[in-house]
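Here's a quick tour of the model below, a predicted one. Have a look at it first, then read on for the notes by topic.

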Amino acid sequence: MSKPMVRIHNTETDEVIDREMNDAEFAQYQADQATEVARKAEADTKAAQRQALLTRLGITAEEAQLLLGGN
């Protein structure tokens, strides 16, 4: 598997260099990807819990916003 590419653009000389990520950059990239997957999973879980609560209460999201004084 090849590593993602990094583009370096020197705006003073307009030189553009494309290269593969080095090991440290790739490790950080993988860590960032794992963090994003975990963040999305947490957001999806919270959304499902919120919807389950609204369903149990028998109200819509718009009605909940009205009750909570949100815009």
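**Hairpin, helix and one ring pair**

Strands S1 and S2 make a hairpin with four residues between them, and in the turn Asp 14 shows a positive phi of about 60°. After that come helix H1, which covers residues 23-57, and an aromatic pair made by Phe 26 and Tyr 29.

**The hairpin**

- S1 takes in residues 5-10 and S2 residues 15-20; the two run antiparallel and are joined by six bridges.
- If you want a spot to check the register, look at Val 6, which sits opposite Arg 19 of S2.

**Helix H1 and its ends**

- At the N-terminal end, Asn 22 does the capping, with a side-chain oxygen 3.1 Å from the backbone nitrogen of Ala 24.
- H1 has 35 residues and, at 1.5 Å a residue, should span 51 Å; the C-alpha atoms at its ends are 51 Å apart, so the two agree.
- Just past H1 you'll find Gly 58, with a positive phi of about 75°.

**The aromatic pair**

- The count of aromatic pairs comes to one.
- That pair is Phe 26 with Tyr 29, at 6.2 Å centre to centre and 20° between the planes; it counts as stacked because the cut-off for that is under 30 degrees.
- Both residues belong to H1, where they are three residues apart, so about one helical turn separates them.
- Phe 26 is buried, at 12% relative accessible area, whereas Tyr 29 is partly exposed, at 32% relative accessibility.

Terms used:
Residues are numbered from 1 along each chain as its sequence is written. This is a predicted model: local features need pLDDT of at least 70, side-chain atom pairs count only at pLDDT 80 or more; totals for chains, interfaces and linings use all residues. Side-chain values use heavy atoms; hydrogens and water are left out. Two strands pair if DSSP finds at least two bridges between them. Rings of Phe, Tyr and Trp (its six-membered ring) pair if their centres lie within 6.5 Å; planes under 30 degrees apart count as stacked, over 60 as edge-to-face and the rest as tilted. Buried means under 20% relative accessible area, exposed over 50%, partly exposed in between (1.4 Å probe, protein chains only). The expected span of a helix is 1.5 Å times one less than its number of residues. A polar contact is a pair of N or O atoms within 3.5 Å; within protein, one must be able to donate a hydrogen and the other to accept it, and residues adjacent in sequence count only if both atoms are side-chain atoms.
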